Amino acid sequence: MKFIGITGGVGAGKSEVLKFIKQHYKCKVYMADKVAFEVRMPGTECHKQLCELLGEEVVGSRKAMAEKLFNNEELLEKVNAIIHPAVKVYLLEELEKAKQNPEIELFFVEAALLIECGYGELVDEMWYVYADKQVRIQRLMASRAYTPEKIESIMANQLSEDEFRANSSFVIDNSGSIFESGEQIRHKLEGYTWVR
């Protein structure tokens with residue numbers, strides 16, 4: 001089984017690429033954001049630590065948590081130091097389970113911060129979903145109603161294209177249609193089972 005990390009900047013279309021992969025390959029796909037939500041549910045060790053740090057009322061409300069962390073780098077780092085390791089443990093446990101299932105050939109994890117969080121040492125391959133900057137801006141304005149200023153600010157806080165490329169072994173150019181991206185993926189995963 002191959003363990004593949006999927007990363008890329010905001011608006012590059014990582015979700016669309018993974019939807020295609022999920023439809024056509026015998027795989028497991030995990031979105032790090034969703035896993036981060038799972039690991040901090042009440043009753044988990046992560047939830048307990050976050051409550052000790054921020055208070056139960058704050059942890060119980062996404063809005064309150066976002067407000068508390070906004071513009072507080074030090075506190076955000078402390079929160080990430082609790083959540084990120086818990087996400088890694090969860091994913092590695094799921095990977096072990098997937099390895100026991102002969103029906104699963106590929107294991108994908110998606111996150112914008114995979115490189116920054118050290119997943120390069122865990123995955124077999126890191127894939128970078130690239131899209132032209134103007135395409136990304138148009139997508140984000142259409143799908144999330146972001147302003148150009150907000151988009152620029154998010155992009156400025158992410159790795160540059162050169163950094164993404166330097167840390168990835170495969171680049172999917174997702175500037176066009178999902179059909180075009182799909183052809184690149186099919187070529188790359190030639191030896192794996194194609195599901196119609």
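## Starting at the smaller pocket

β4 (125-130) supplies the largest share of the lining of the second largest pocket, at 3 residues. This is a predicted model, so treat everything below as a reading of computed coordinates. The second largest pocket holds about 200 Å³ of space. Its lining counts 15 residues, and those closest to the centre are Tyr128, Lys133, Arg136, Ser160 and Glu161. Which elements give two or more residues to that lining? They are β4, α7 and α9 (161-166).

As for chemistry, the lining of the second largest pocket splits into 8 nonpolar, 3 polar and 4 charged residues.

## The largest pocket

Now for the largest pocket, where the volume comes to about 2100 Å³. A total of 49 residues line this pocket, and nearest its centre you'll find Asp33, Leu76, Ala112, Leu113 and Gln158. How many of the lining residues are nonpolar, polar and charged? The split is 25 nonpolar, 12 polar and 12 charged.

Helices show up again and again around this pocket. At least two lining residues come from each of α1 (14-24), α2 (32-39), α5 (62-69), α6 (73-99), α7 (133-143) and α8 (148-156). Which of them gives the most? That's α6, with 8 residues. Note that α7 turns up for both pockets: it is on the list for the largest one, and on the list for the second largest one too.

## The overall fold

Zooming out, the protein has 10 helices and 5 strands. Along the principal axes, its C-alpha atoms fill a box of roughly 50 × 45 × 30 Å. How does the radius of gyration sit against a compact globule? For 196 residues the globule value would be near 16 Å, and the protein has 18 Å, which agrees.

Of the 196 residues, 42% are buried. The exposed surface of the protein is about 11300 Å², with carbon and sulfur atoms supplying 50% of it. If you're thinking about contact maps, take the contacts between residues at least 6 apart in sequence: 75% of these join residues at least 24 apart.

## Two buried loop residues

Leu114 sits in the loop between β3 (106-110) and β4. Is Leu114 buried or exposed? It counts as buried, because its relative accessibility is 1%, and the cut-off for buried is under 20%. Setting aside neighbours within four places in sequence, Leu114 is in contact with Gly5, Ile6, Thr7, Val109, Tyr119, Gly120 and Met126. One of those partners, Met126, is 12 residues away in sequence, and the C-alpha to C-alpha distance between Leu114 and Met126 is 8.7 Å.

Gly11 is another loop residue, placed between β1 (2-7) and α1. With a relative accessible area of 11%, Gly11 is buried as well. Not counting residues up to four places away in sequence, Gly11 touches Arg136, Arg139 and Leu140. Arg136 has come up already, among the residues closest to the centre of the second largest pocket. For a longer-range reference, Gly11 and Glu96 are 85 residues apart along the chain, and their C-alpha atoms are separated by 31 Å.

## Exposed loops and positive phi

Two residues here are worth a look on a Ramachandran plot. Asn71 has a positive phi of about 60° although it is not a glycine. Where is Asn71? In the loop between α5 and α6. Asn71 counts as exposed, since its relative accessibility is 69% and exposed means over 50%.

Ala145 is the other one: its phi is positive, at about 55°, and Ala145 is not a glycine either. Ala145 lies in the loop between α7 and α8, and at 62% relative accessibility it counts as exposed.

Pro102 rounds off the loop tour. It belongs to the loop between α6 and β3, and its 74% relative accessibility makes Pro102 exposed. Pro102 and Leu122 are 20 residues apart along the chain, with 21 Å separating their C-alpha atoms.

Note on methods
Residues are numbered from 1 along each chain as its sequence is written. This is a predicted model: local features need pLDDT of at least 70, side-chain atom pairs count only at pLDDT 80 or more; totals for chains, interfaces and linings use all residues. Side-chain values use heavy atoms; hydrogens and water are left out. On a 1 Å grid over the protein atoms alone, a cavity is a set of points where a 1.4 Å probe fits but cannot get out, and a pocket is an open set with protein on both sides within 12 Å along at least five of seven lines; lining residues have an atom within 4 Å of a point. Grid points are joined across faces, edges and corners, and a volume is the space filled by probe spheres set on the points. Helices (H or I, at least four residues) and strands (E, at least two) are DSSP runs, numbered from the N terminus. Ala, Val, Leu, Ile, Met, Phe, Trp, Tyr, Cys and Pro count as nonpolar, Asp, Glu, Lys and Arg as charged, and the others, Gly among them, as polar. The radius of gyration is taken over C-alpha atoms; the globule rule is 2.2 Å times the number of residues to the power 0.38. Buried means under 20% relative accessible area, exposed over 50%, partly exposed in between (1.4 Å probe, protein chains only). Contact means heavy atoms within 4.5 Å. Accessible areas come from the Shrake-Rupley method with a 1.4 Å probe; for residues, only the protein chains shown count as cover.
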